[in-house]
Amino acid sequence: MAEEKTHSWTTEETRALIDWRTANEGLFTGRRNSSKNGWEDFVTSSGLSISARQAKKKWQNLVQKYKELRDPPTGKGVEAGGVTAANWQWYAVLDAALQGQHSISPPLVVASSAATAGGVVTPPASVAETAEASEASADQGPEGSRARKRLSERESLLEFLKERAEREEERERLLLEREREAQAREEERERAATERAERYLALFERLVNKF
């Protein structure tokens with residue numbers, strides 16, 4: 001197999017990848033090949049000259065970096081000017097995307113000179129699981145996938161009942177219109193018959209008067 005050409009991701013492409021992956025969580029259902037098919041959909045819709053594998057790898061790298069910055073090793077700091085949750089441009093975007101909420105305050109990371117005094121203040125233990133873990137568990141058929149399926153079935157049933165009710169209303173409306181039209185035709189026939197009878201009676205009276 002030919003070696004894939006390295007792709008240099010721009011800021012716009014990276015943001016588009018994150019937005020698309022977040023908006024299309026439903027494509028990653030846990031069914032066989034769902035992840036592969038989902039990333040192929042991204043490649044097709046984005047028009048980028050990349051493979052589905054490259055798109056998936058980029059997403060995994062972003063998630064891994066987010067995870068490392070969210071939960072830095074205790075007792076270790078970073079050199080001044082290093083990448084932290086506070087200055088990495090994708091941390092807040094991924095935090096909102098992966099946790100389904102607006103960005104929370106990133107973990108405090110201090111320079112290595114302060115490492116002996118505590119180094120790193122880690123975030124709360126209640127932080128949500130990363131999208132990488134979610135995607136891995138999705139490939140194994142998560143409970144969330146079954147829940148989405150049940151929700152989809154309920155929505156389909158409600159849509160069916162709604163359409164059925166609309167068809168019944170339309171049928172009743174048509175029947176009512178037909179009844180009104182039939183009644184109007186009957187009234188017209190009765191009026192015409194009355195007019196004919198009146199004309200015949202007037203003609204008969206004129207004939208009688210002649211004699």
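1. A residue counts as buried here if its relative accessible area is under 20%. By that yardstick, buried residues are 24% of the 211 residues in the chain. Keep in mind while reading on that this is a predicted model.

2. On the overall layout: the chain has six helices and two strands. Walking along from the N terminus, you meet the elements in the order α-α-α-α-β-β-α-α. As for how the chain folds back on itself, take the contacts with a separation of 6 or more: 62% of them join residues 24 or more positions apart.

3. Now for the core. The largest nonpolar core holds 24 residues, and W39, F42, W59, W88 and L94 have the most contacts inside it. Which elements give two or more residues to this core? They are helix 1, helix 2, helix 3 (52-70) and helix 4 (91-99). Helix 3 supplies the largest share, with seven residues. As general background, nonpolar side chains in soluble globular proteins tend to be buried together.

4. Next, have a look at how helix 1 (residues 11-23) sits against helix 2 (residues 34-46): they pack at an angle of about 130 degrees, and their axes are 11 Å apart. Helix 1 and helix 2 are therefore oblique to each other, since an angle has to be over 145 degrees to count as roughly antiparallel. The crossing of helix 1 past helix 2 is right-handed. On the helix 1 side the contact is made by A16, L17, W20 and R21, while helix 2 brings G38, W39, D41, F42 and S45. Sorted by class, that contact has five nonpolar residues, two polar ones and two charged ones.

5. Then turn to helix 2 and helix 3. Their axes come within 8 Å and cross at roughly 100 degrees. Why call helix 2 roughly perpendicular to helix 3? Because angles of 65 to 115 degrees count as roughly perpendicular, that label fits this pair. Helix 2 makes this contact through S35, K36, W39, E40, F42 and V43, and helix 3 through A52, A55, K56 and W59. The class tally for this contact is six nonpolar, one polar and three charged residues.

6. If you want residues to click on while viewing, try W39 and F42. Both are in the contact of helix 2 with helix 1, and both turn up again in the contact of helix 2 with helix 3. They are also among the residues with the most contacts inside the largest nonpolar core. W59 is another one to highlight: helix 3 uses W59 in its contact with helix 2, and W59 is on that same core list.

Conventions:
Residues are numbered from 1 along each chain as its sequence is written. This is a predicted model: local features need pLDDT of at least 70, side-chain atom pairs count only at pLDDT 80 or more; totals for chains, interfaces and linings use all residues. Side-chain values use heavy atoms; hydrogens and water are left out. Axes are lines fitted to C-alpha atoms, for helices over the stretch in contact, and angles run from 0 to 180 degrees between N-to-C directions. Helices (H or I, at least four residues) and strands (E, at least two) are DSSP runs, numbered from the N terminus. Angles under 35 degrees count as roughly parallel, over 145 as roughly antiparallel, 65 to 115 as roughly perpendicular and the rest as oblique. A crossing is left-handed if the near helix is turned anticlockwise from the far one by less than a right angle, and right-handed if clockwise. Contact means heavy atoms within 4.5 Å. Ala, Val, Leu, Ile, Met, Phe, Trp, Tyr, Cys and Pro count as nonpolar, Asp, Glu, Lys and Arg as charged, and the others, Gly among them, as polar. A nonpolar core is a set of buried Ala, Val, Leu, Ile, Met, Phe, Trp, Tyr and Cys residues joined through side-chain atoms within 4.5 Å. Buried means under 20% relative accessible area, exposed over 50%, partly exposed in between (1.4 Å probe, protein chains only).
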